[in-house]
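Here is a short tour of one protein model, written for someone who likes to check backbone angles as well as topology. Have the viewer open as you read.

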Amino acid sequence: MWRHVAADLAADHTVICPDLRGYGASDKPAGPDVDLYAKRTMAADVVALARALGHERFALAGHDRGALVAFRAGLDHPDVVTQLACLDVLPTLDMWQVPRGTSAAVGFHLYLMAHPPGLPEKMIGAAPDTFFGHFLDIWGGRPDPMPAEIRAAYLAACRGAVPSIVADYRASATVDVEHDQVDREAGARLGMPVTVIQQDWG
């Protein structure tokens, strides 16, 4: 989705576009440890990657799942994240409070993947291209939102990562809620300049 934006930014910025753990070409650790896919863990991955590439401080932008990771990185690593952009996501605590009535159907996948291990993986794994393709179709904004070869690569990546994708979403209904609640109760705030772009989900 962001391949053209990343290329344009790379003309005069250093751009790092990692696959989050559990996605794409990144590792997909398995196990019962809920912290494996906590946004706190994934944020630490991003900070460690940037450091390994020689960047002690950096601006961070995230979209959707990546925005949850970016938000957590800003809270946990305020000395590292200099500017923060979060696109198309609500903070975890708010995400679970906002959906109401029939308009909440757009987020059916959030509730499906919040279930304990077993059922979501089986249901999604039975027809992964249909499941993930559904979101490409409804969120694309036009009949053919991406070239066929890009769509095929995206679906193949998702098909090969169903358990880890579900684990990421499950973390958003469990451990991420706990982490965010602790920060909210402590009055934690993002101290760096923040840009938020959010479409209207109703």
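## Two loops with unusual backbone angles

Let's begin with Asp88, which sits in the loop between strand 2 and helix 4 (92–95). Please keep in mind that this is a predicted model. Asp88 is not a glycine, yet its phi is positive, at about 65°.

Asp64 gives us another such case: a positive phi of about 60° in a residue that is not a glycine. You will find Asp64 in the loop that runs between strand 1 and helix 3 (65–76). Its relative accessibility is 23%, so Asp64 counts as partly exposed, given that this class lies between the cut-offs of 20% and 50%.

## The sheet

Where do these strands belong? Three strands make up an open sheet, ordered 1-2-3, with parallel pairing. Strand 1 (58–63) and strand 3 (194–197) are the edges; each has a single partner strand, so one side of each has no neighbour in the sheet. From one strand to the next, the twist averages 10°.

Strand 2 (residues 81–87) pairs with strand 3 in the parallel sense over four bridges. If you would like a residue pair to look up, Cys86 has Val196 in strand 3 as its bridge partner.

## A nonpolar patch on the surface

Which residues form a nonpolar patch on the surface? They are Met1, Trp2, Val5, Leu9 and Val15, and together they have about 480 Å² of accessible area.

Met1 belongs to the segment before helix 1 (3–9). Its relative accessibility is 69%, so Met1 counts as exposed, the cut-off for that class being over 50%.

How values were computed
Residues numbered from 1 in each chain as written. Predicted model: local features only at pLDDT ≥ 70, side-chain atom pairs only at ≥ 80, totals over all residues. Heavy atoms only, no water. Pairing = 2+ DSSP bridges. Axes fitted to C-alpha atoms, helices over the stretch in contact; angles between N-to-C directions. Patch = residues over 30% accessible without salt bridge, like charges linked within 9 Å, V, L, I, M, F, W, Y side chains within 5 Å. Areas by Shrake-Rupley, 256 points an atom, 1.4 Å probe, with all protein chains shown as cover. Salt bridge = Lys/Arg side-chain N within 4 Å of Asp/Glu carboxyl O. Buried < 20%, exposed > 50% of the residue type's maximum accessible area, 1.4 Å probe, protein only.
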